Amino acid sequence: MKLALRQARKGQGRTSPNPCVGAVIVKDNEIIGRGYHQKAGTPHAETHALNRAGTNAVNATLYVTLEPCNHVGRTPPCSHAIADSGISKVVIGMLDPNPLVDGGGAEYLRRKGVTVVSGVAEEECRELNRPFLKYISSSLPWVMMKAGISLDGRIAYKIGAGGAITGPESFKAVHRLRDSIDAILVGIGTIEADDPSLTTRLEHKKGHDPIRIILDTELRISQNARVLKQASSSPSWIFCSKRVDEKRVKKLESDAITIHRVDTVEQQRLDLNHVLRIAAQHEVLSILVEGGAAIHGAFLKQRLVDRACLFYAPLFVGDSGMPLITGHQGIEGKEQAIRLKKIKTRRCGDDMLIIGDVSYP
């Protein structure tokens, strides 16, 4: 199952709105087929593995991270292909919560005489597909907040200015994150301060560029902003208020740039729930929120962050720096605090990465 999980991870950021799935076929203690789901509308992991195994699949065991589908979608049902192949045993990591599957695939295989075992490395399989699980249950994307921070909680050396706080190893880790996510989101302040490209740049291989989402209430972004000039297969989306002049919208729109006009809430800020609903409607299951401070504060205030990924650099900036969050009212005690749970830590060069699921009071 760990080998199947390794296969499944190859599809991260590339399979939405489908989950990431990996499969391995074993016979006489030898791997005779393996595969992963590469993109929605293309063959599933089980199909790739079965094609590689060929006729040797008879009486073999299939390990798959997610329950095989039992319905006709963009591709035929995998459960039927598995039963027809002669596979004698299927080991499933987790059952599929999609109402179209929901135990149906496992039950079909049992009726066809296939031995089925489920719940093997289940938590690891669930962890891999947190975005899919949230999308299925809430029709909203899974949101990860990312920031590079000083020890005194600053994300920039001066308010309104750019400049990296963390080091080169954290930079590499961030781009690996981007490679595994559907979309990356920033506010117009970050665009104006850093003029980022918001692409994925990996060593030794071509990365997957996430959709670039910019929140720009007044649509004041420069047409020369680097984020709008990328030679990338992924588009840029700009979310602005409905009161923005139509001429300005038409001036910016192109094949690579889509303008979404959304509702506003208090203080004429964009309605983040509306933003996330539109993203989900366009089959975005995961979003990496990279800031800045007002964006982080707004997402936390509205309880929209599912996980935090914080890179701490071993330095102090002082009062001149930009804090991690703004616009989020303070608390009076621990019981009111937003916390991180299921915390993991690791070194990134001289920096320390802290990852945790966000728990709201």
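Val116 sits in strand β5, which covers residues 115–118; strands here are DSSP runs of E with at least two residues, helices are runs of H or I with at least four, and both are numbered from the N terminus. The structure is a predicted model, in which local features need pLDDT of at least 70 and side-chain atom pairs count only at pLDDT 80 or more, while totals for chains, interfaces and linings use all residues. Residues are numbered from 1 along each chain as its sequence is written, and side-chain values use heavy atoms, with hydrogens and water left out.

With a relative accessible area of 12%, Val116 is buried. Buried means under 20% relative accessible area, exposed means over 50%, and partly exposed lies in between, using a 1.4 Å probe and protein chains only. Not counting residues up to four places away in sequence, Val116 touches Val90, Ile92, Ala106, Leu109 and Arg110, where contact means heavy atoms within 4.5 Å. Just past this strand, Ala121 is found in the loop between β5 and α5 (122–128). Ala121 is not a glycine, yet its phi is positive, about 55°, and at 25% relative accessibility it counts as partly exposed.

From Val116 it is a long way to Val275: the two residues are 159 apart in sequence and 41 Å apart in space, C-alpha to C-alpha. Val275 is one of the buried residues of α10, alongside Leu272, His274, Leu276, Ile278, Ala279 and Ala280. Seven of the 10 residues of this helix (272–281) are buried, so α10 is largely enclosed by the rest of the structure. At the N-terminal end of α10, Asp271 acts as a cap, with a side-chain oxygen 3.0 Å from the backbone nitrogen of Asn273. After the helix comes Glu283, with a positive phi near 65°. In the loop between β11 (257–262) and α10 lies Gln268, whose phi is also positive, near 60°; Gln268 is partly exposed, with a relative accessible area of 42%.

A helpful background point is that most residues other than glycine have a negative phi, and most peptide bonds are trans. The bond from Ser16 to Pro17, however, is cis, with omega near 10°, and Pro17 is found in the loop between α1 (2–9) and β1 (22–27). Another cis peptide bond joins Gly291 and Gly292, with omega about 10°; Gly292 belongs to the loop between β12 (286–291) and α11 (293–301).

His208 offers another local picture, in the loop between α8 (188–194) and β9 (211–215). His208 is buried, at 17% relative accessible area. A polar atom of its side chain lies 3.0 Å from the backbone oxygen of Gly13. Leaving aside neighbours within four places in sequence, the residues in contact with His208 include Gly13, Arg14, Arg178 and Asp179.

Turning to the whole protein, the secondary structure comes to 11 helices and 16 strands. The radius of gyration is 22 Å, close to the 21 Å that the globule rule gives for 361 residues, so the protein is as compact as a globular protein of that length. This radius is taken over C-alpha atoms, and the rule is 2.2 Å times the number of residues to the power 0.38. Along its principal axes, the C-alpha trace spans about 65 × 45 × 40 Å. Of the 361 residues, 50% count as buried.

Key
A polar contact is a pair of N or O atoms within 3.5 Å; within protein, one must be able to donate a hydrogen and the other to accept it, and residues adjacent in sequence count only if both atoms are side-chain atoms.
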